[in-house]
Amino acid sequence: MNFTKNKMLYGYVILYFTFLYVPVMFLPLFSFNDGMHMAFPIKGFTLDHYEEMWSASKLHAALWNSIYVGITASLSATFLAFLAAKAFTKYKFRGQIFTYGAILTPFLIPEIILAVSLLVIWINIGLPLGLTPIIIGHTLFCVPFCMIILISRMEGFDKNLEEAARDLGEGVLGTFYRVTLPILLPGLIASFLLGFVLSFDEFLIAMFLAGSDQTLPVYMWGQLRFARRLPHVLALGAVIIVGTTLIVMLAYWLRNLGQPQEKKNLTIDI
Amino acid sequence: MNKNFIEIKNVSKYFGNVKAVDDVSFSINQGEFFSLLGPSGCGKTTLLRLLAGFEHPSKGQVFIDGSEVTSVAPNLRPTNMVFQNYAIFPHLNVRKNIEFGMRKENLTKEEMEDRVGEVLNLVKLQGYEERYSNQLSGGQRQRVALARALIKRPKVLLLDEPLGALDKKLRDEMQIELRNLQKQVGITFVFVTHDQGESISMSDRVAVMNEGKIKQISEPHDLYYNPQNIFVSDFIGTTNFLSAQTLSKDGDLIYVSIENIGQFKLNNKLSIGENTNDVTCSIRPESIELSSEPIQNKELKMHGKIVNTSYYGELTTFHVVIEGIKNPLIVSSQRYDHKSFLSNNCYIGINLEDINLLTNE
């Protein structure tokens, strides 16, 4: 069947993408609008909102907080997910399915419940709120995503390659650095980038645990209370959309790098 | 030449309750092409992995060139392995694959180039240095795996079904090439295969394994003509089994009653006792003469009917039913003249020395 000749299907695809992307496109559109309100007609083109956004010093602090939390949480999550993925792909053990399910739980339970439980535990321990609990919460939240990506990458890993390296004179560490790591590196980077994006965009956990240290989404939420500040939040939103899209595309490309052609997946498996 | 270059002493390997290798002892000579042959799950690959150091014995000891290696790590053994799927490093090109194991040898750039050139020449793979694994054919990958192992100049080269992934014609070529290569480098080869033809055509000696045990270690010719038990006789080539009982001994010979055919005086190479009920006579299809005329010069002569004829080009296989014998006899002959058999009547003749007497164990 020729895809483009089927008019029904063609129409459906157009409709689908319209619903998916038009609302999102309003953000960048109005971020260039020379006016205070998110309403048609558009009054003129301006970059003022972007200038205003850039000059907000609280935003800078929130941005750096988000980057710091994103990198730390994603590195920890990728490391933990790598260990789990290694165990699931290399060994068969008792309770494997249960363990797998248990690790996936944070991905399945409503985020608000996760956020509230973390808050309750953290306060009961008596530690101050701030970036540390957010990092812990985000690590927990990212591990399932990272693990799924890494498992899909590592499932095809031929363990004979590690044995061959041992056979050719390398020890356990040498084998890891010269064979395992280079082959899995694209997957690890993809996992890191996706974890970073997830953490960067995450709102609820950050909102509950932030205290006075805001991440970017929490900052945006705060700004929405002031009608005057709306345009620069739109500008910020537009920048974040472009940024995350680029990172996810990079992650997708990396994940498939060096995979045999027929094994390449169209999805990122989440 | 060292007679006991590799020594395996009372080695057992258990995986849970499974005895993959069960109290096995034997030795391999220096410079020998030695095959481990058996059906899948017989323990041959486990035995090879015990030699490589990927597994360690549950019991027993392994020696290579006089030193005990029973629990030595694979990277510290004088062995190298060619894997069944070749395990070429996909992130490295052919040259880097071959150089992989040379990192700790501290060679100069020139020395390294010489060594790489030498093995590339040996496996006939010059000009492929810059290619990656996914740009090579199965046969070329195998050559990379061989070169990568041989550049280390191991005392023992271990090969795990290296020809299994190749098509038939290439496999036949590689058999000859591998054998020549082994003679050229003089390294001891331990070769695992489930293909009896492959092991017989290439090896100096073959160990036949089943259920974790060695059933026989012999030169290929002996394995075929002097099997020591029913398993080996059945596993190597095709054979006819006739049930029999031993009667009395006469020196090295023994009187045997075979099914309903009669009593004969046979060689007793395995020294089977008198009056044993469960014995079996094994006769190779090509040791049986088939003719449309009564046969004169054979000690065992019978009359039968041909029930089935299969033509294989160089050989024809006949199934012959004989009165008093349970299963049809399989007879193979280079002649294809079944039309000369009047209403499928035929005569067969067997020399008594071509009958192998085996015990049923």
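Let me start with one pair of residues in this predicted model: Leu37 of chain B, Leu37(B), stands opposite Thr193(B), which belongs to strand β8(B). That pair is part of a longer arrangement, in which β3(B), residues 33-37, is joined by five bridges to β8(B), residues 188-193, with the two strands running parallel. There is a second partner as well, since β3(B) also pairs with β9(B), residues 205-210, again in the parallel sense and over four bridges, and here Leu36(B) is found opposite Ala207(B).

Now, is β3(B) buried or exposed? Five of its five residues are buried, and therefore the strand is largely enclosed by the rest of the structure. In a regular strand the side chains alternate between the two faces of the sheet. For β3(B), Phe33(B), Ser35(B) and Leu37(B) lie on one side while Phe34(B) and Leu36(B) lie on the other, and with all of these buried, both faces are covered.

Let me turn to chain A, and to Leu194(A), a residue of helix α8(A), which spans residues 172-201. Leu194(A) has 28 other C-beta atoms within 10 Å, and because the cut-off for buried is 20 or more, it counts as buried. Leaving aside residues up to four places away in sequence, Leu194(A) touches Phe145(A), Cys146(A), Ile149(A), Val248(A) and Ala251(A).

Finally, the contact between the two chains takes 16 residues from chain A and 18 residues from chain B. On the chain B side that touches chain A, nine of the residues are nonpolar, six are polar and three are charged.

Key: Residues are numbered from 1 along each chain as its sequence is written. Chains are lettered from A and ligands numbered from 1 in the order in which they are written. This is a predicted model: local features need pLDDT of at least 70, side-chain atom pairs count only at pLDDT 80 or more; totals for chains, interfaces and linings use all residues. A residue is buried if 20 or more other C-beta atoms lie within 10 Å of its own, exposed if 12 or fewer, and partly exposed in between; C-beta atoms are placed from the backbone. Two strands pair if DSSP finds at least two bridges between them. Two residues are in contact if their C-beta atoms, placed from the backbone, lie within 7 Å. Ala, Val, Leu, Ile, Met, Phe, Trp, Tyr, Cys and Pro count as nonpolar, Asp, Glu, Lys and Arg as charged, and the others, Gly among them, as polar.
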